[in-house]
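Hello,

Here is the structure we talked about. Please open it alongside this note; my findings follow below.

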Amino acid sequence: MRTLSFLLLSFFAAAAARAEEEAVQVYRTVHPSVVSLSNIEGNGTGVILDETGLILTNAHVVASPLPFKCTVDIARGDRIEKTVTFQRVRIVGMHPEKDLALVRIDPKEHKVRLSPVTMARAKAVPGQRVYALGNPSAGGQVLNKTITSGLLSGVDREVDGVRYYQVDAAINPGNSGGPLVNKAGEVLGIVTLKFMDVENVGFAIPVHDLAAKEFVPASQRKADPRKARESLVLAEKLAEKAEQLRAARGAQDEEVILLQAYAAYCFHTALAHDPANPAIYYNCGMLLRSIDRDEIAAAYLLQAIQLDPWHQTDDRSYRELGLALVKQERAAEAKLAWLEGIAKYPNASAKCREDIAIRWHEERNSYGAAVQAATILHLKDPLSRMEVASSIHSENSSRLDQNQRRQFDREVADLPRML
């Protein structure tokens, strides 16, 4: 019996050693081709396709109006020579239906040679051991270049009309866009985060039949407003829950950080489903404003305006953009946003007029403050705080010198004709 026990232990030890050796070899082969894509919103993963700098990732990873940077390990033989960060990252296409995108970096930016992956050209088979590489987030920290292994438990798992590889391992925020590879280091699929009712289940998008010509510019991607709305509703619920827990436990609580990461994933998924919809950018911006993420919110609000400068019927986009900029101590830019809102919606810009009147009052720009306050009083917009406008008007008009007073009186007299 002792001999049998010893043989069994020896067998399992040898099998474990072989599995460890295989994982080490896979990591050495693949990890120079795995990159980190990040901005101030968060991080994701991508994989280098060729030496010119073409990178494959998830569409939801790069569905953001904020600029990205790409961090790459440069290999020389079997060792990493250096790590470089590319500041110029360009989105070149999105898949019309799958959660995939192509981005490009230029090796000339750092005068380096990139290490492309080898793509598998045959469909994977259930039961084979697979490895996922990526940059998952945990406890608010990014764990660079992790490798996990599992079994490919299904090859045709359909979710929302798209077929996936299913693996018996959970996928965390940050892993999205990373490669799922076989023991030879060939990429079978691109890992993607999915919400499911079961734990320890991960998914990857098969790439054996993928062609670069299938990708289109983001503005031409097939829109799915229903899925976009569903993702946005879920993002709002997660962000609200995260904010409640943050108030009770603090910003560094692990559950708070995870909920915020999942909320961000849902934001980006909504945009990936309907990337040219200004209303989604506006709603994302407003939700980010509500949780004090003003730097990010400003980018979303600006993108909403740029996509369709007339998607609102009043000044609300410009007003909220200005407030987000003020929170970042960017008052000059905020005033420009408010003035553009006033110019575009002269009869429906009560809040922009109020905000800039208050700002000019604080800066002792008496003429500007008095004119905006007088206009608010003339329009009698129900959204305006008339007592605030009246106070600003009274205090600042009394400070005007003789020349300013004459010009002010002319502008006030012209209001019925101009508005």
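Leu37 has Cys70 as its bridge partner in strand 4. Strands here are DSSP runs of E, at least two residues long, and helices are runs of H or I, at least four residues long, each numbered from the N terminus. Strand 1 (residues 34–39) and strand 4 (residues 69–76) run antiparallel and are joined by three bridges. Two strands count as paired if DSSP finds at least two bridges between them.

A word on the source: this is a predicted model, in which local features need pLDDT of at least 70 and side-chain atom pairs count only at pLDDT 80 or more, while totals for chains, interfaces and linings use all residues. Residues are numbered from 1 along each chain as its sequence is written, and side-chain values use heavy atoms, with hydrogens and water left out.

Back to the sheet. It is open, with seven strands in the order 5-4-1-2-3-7-6 and antiparallel pairing. Strand 5 (79–86) and strand 6 (90–94) are the edges, each pairing on one side only. From one strand to the next, the twist averages 30 degrees. Axes are lines fitted to C-alpha atoms (for helices, over the stretch in contact), and angles between N-to-C directions run from 0 to 180 degrees.

Strand 4 also pairs with strand 5. Seven bridges join these two antiparallel strands. Asp73 has Thr83 as its bridge partner in strand 5. The two strands form a hairpin with two residues between them. Gly77, in the turn, has a positive phi of about 70 degrees.

Now the interior. Leu37 and Cys70 turn up again: with Val72 and Leu180, they have the most contacts inside the largest nonpolar core, which has 84 residues. A nonpolar core is a set of buried Ala, Val, Leu, Ile, Met, Phe, Trp, Tyr and Cys residues joined through side-chain atoms within 4.5 Å. Buried means under 20% relative accessible area, with a 1.4 Å probe and protein chains only. Helix 3 (residues 254–273) gives the most to this core, 10 residues. A separate core has 24 residues, including Val30 and Phe215.

Last, a helix pair. Helix 8 (residues 350–362) packs on helix 10 (residues 386–397) at about 35 degrees, with the axes 11 Å apart. Contact here means heavy atoms within 4.5 Å. Helix 8 contributes Ala357, Ile358 and His361; helix 10 contributes Val388, Ile392, Glu395 and Asn396.

Best wishes

Technical notes. Buried means under 20% relative accessible area, exposed over 50%, partly exposed in between (1.4 Å probe, protein chains only).
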